[in-house]
Amino acid sequence: MTLTLYAHPFSSYCQKVLIALYENATPFNLRMMEFGDEAVVAELAALWPMKRMPVLVDAGQPIIEASIIVEHLALYHPGPVRLIPADPKNALGVRCMDRFFDNYVMTPMQRIVFNYIRPPENRDQQTDDEARATLTAAYRWLDAQLDGREWAAGDAFTLADCAAAPSLFYADWVHPIAEELPRARAYRARLLARPSFSRAVDEARPYRAFFPPGAPDRD
Ligand SMILES: N[C@@H](CCC(=O)N[C@@H](CS)C(=O)NCC(=O)O)C(=O)O
């Protein structure tokens, strides 16, 4: 078995897949998407013309989209940590939370960051306001969902937590989770203490200076 992951350790969607790989100690080769390395960008573009990372190559076949890569790993390279529950009804709940984190936490977080990357005269206050409003609502909803839950979809660590960890990590940097939402804040802290994510965070530490709006002096 040879798995190759096109990824960068600081990328939130790449971390989502790295967590899944680390959870089950799945062996893989990292094809590092180094800044400014045109050769690796050309390789990625040949695999996936959208040029988005991560892309997993399994036996010559490119697998795209972080959620689908985690599903692929659960199906073809399973390990002791079942990232997709065997019960289809429980799996639906996991996929619902995975969509929540991608659409309502990761996406607005990225909007704030991409808006910031623009030249100052092209930055758009409305984009920033709308993204922050989405994050505020998402945090509140999440806090209620987490009542009685250790992990995003229940008692077990799943795909939903792979999505939650990097999205909440970076979202809290650009738009902190309010103190009145203790369950959401404690959940983010639990994710940071999980060895798979703690490893991903440590591997990304050297790149913090590249976080466009500036990384806070904390995890
Ligand atoms: N829907 C994609 C999103 C992937 C994505 O946005 N990747 C970012 C890094 S976190 C990327 O490749 N950015 C490079 C670019 O935009 O050119 C997934 O779930 O994998």
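This report covers the ligand site, the pockets and two backbone features of a predicted model.

## Ligand shell

Nine names make up the surroundings of the ligand: S11, S12, Y13, R52, M53, P54, E65, A66 and Q110. By class, this shell has four nonpolar, three polar and two charged residues.

## Polar contacts and burial

Which residue offers a polar side-chain atom to a nitrogen atom of the ligand? That residue is E65, at a distance of 2.8 Å. M53 uses its backbone instead: one of its N or O atoms lies 2.8 Å from a ligand nitrogen atom. A66 also approaches through a backbone N or O atom, which lies 3.0 Å from an oxygen atom of the ligand. Taken alone, the ligand exposes 510 Å². The protein buries 72% of that area.

## The largest pocket

The ligand takes up the space of the largest pocket. This pocket holds about 1100 Å³ of space. Its lining counts 33 residues, and S11, R52, M53, Q110 and F114 are the closest to its centre. Among these, S11, R52, M53 and Q110 also belong to the residues around the ligand.

Four helices each supply at least two lining residues: α1 (12-23), α2 (38-47), α3 (66-76) and α4 (88-117). Which helix gives the most? The answer is α4, with seven residues. By class, the lining of the largest pocket divides into 19 nonpolar, six polar and eight charged residues.

## The second largest pocket

How much space lies in the second largest pocket? The volume is about 190 Å³. Its lining has 14 residues, and the closest to the pocket centre are A74, L75, P78, R82 and I84.

Here α3 gives the most to the lining, with four residues. The helix α3 also contributes at least two residues to the lining of the largest pocket. By class, the second largest pocket is lined by eight nonpolar, three polar and three charged residues.

## Backbone features

Is the peptide bond from M53 to P54 cis or trans? The bond is cis, with omega near 10°. P54 sits in the loop between α2 and β3 (55-58). Both M53 and P54 are among the residues around the ligand, and M53 makes one of the backbone contacts to a ligand nitrogen atom, at 2.8 Å. M53 is also one of the residues closest to the centre of the largest pocket.

A second feature is found at A59. This residue is not a glycine, yet its phi is positive, at about 50°. A59 lies in the loop between β3 and β4 (61-64).

Key. Residues are numbered from 1 along each chain as its sequence is written. This is a predicted model: local features need pLDDT of at least 70, side-chain atom pairs count only at pLDDT 80 or more; totals for chains, interfaces and linings use all residues. Side-chain values use heavy atoms; hydrogens and water are left out. A residue is near a molecule or strand if one of its heavy atoms lies within 4 Å of it. A polar contact is a pair of N or O atoms within 3.5 Å; within protein, one must be able to donate a hydrogen and the other to accept it, and residues adjacent in sequence count only if both atoms are side-chain atoms. Accessible areas come from the Shrake-Rupley method with a 1.4 Å probe; for residues, only the protein chains shown count as cover. On a 1 Å grid over the protein atoms alone, a cavity is a set of points where a 1.4 Å probe fits but cannot get out, and a pocket is an open set with protein on both sides within 12 Å along at least five of seven lines; lining residues have an atom within 4 Å of a point. A molecule sits in a cavity or pocket if more than half of its atoms lie within 2 Å of its grid points. Ala, Val, Leu, Ile, Met, Phe, Trp, Tyr, Cys and Pro count as nonpolar, Asp, Glu, Lys and Arg as charged, and the others, Gly among them, as polar. Grid points are joined across faces, edges and corners, and a volume is the space filled by probe spheres set on the points.
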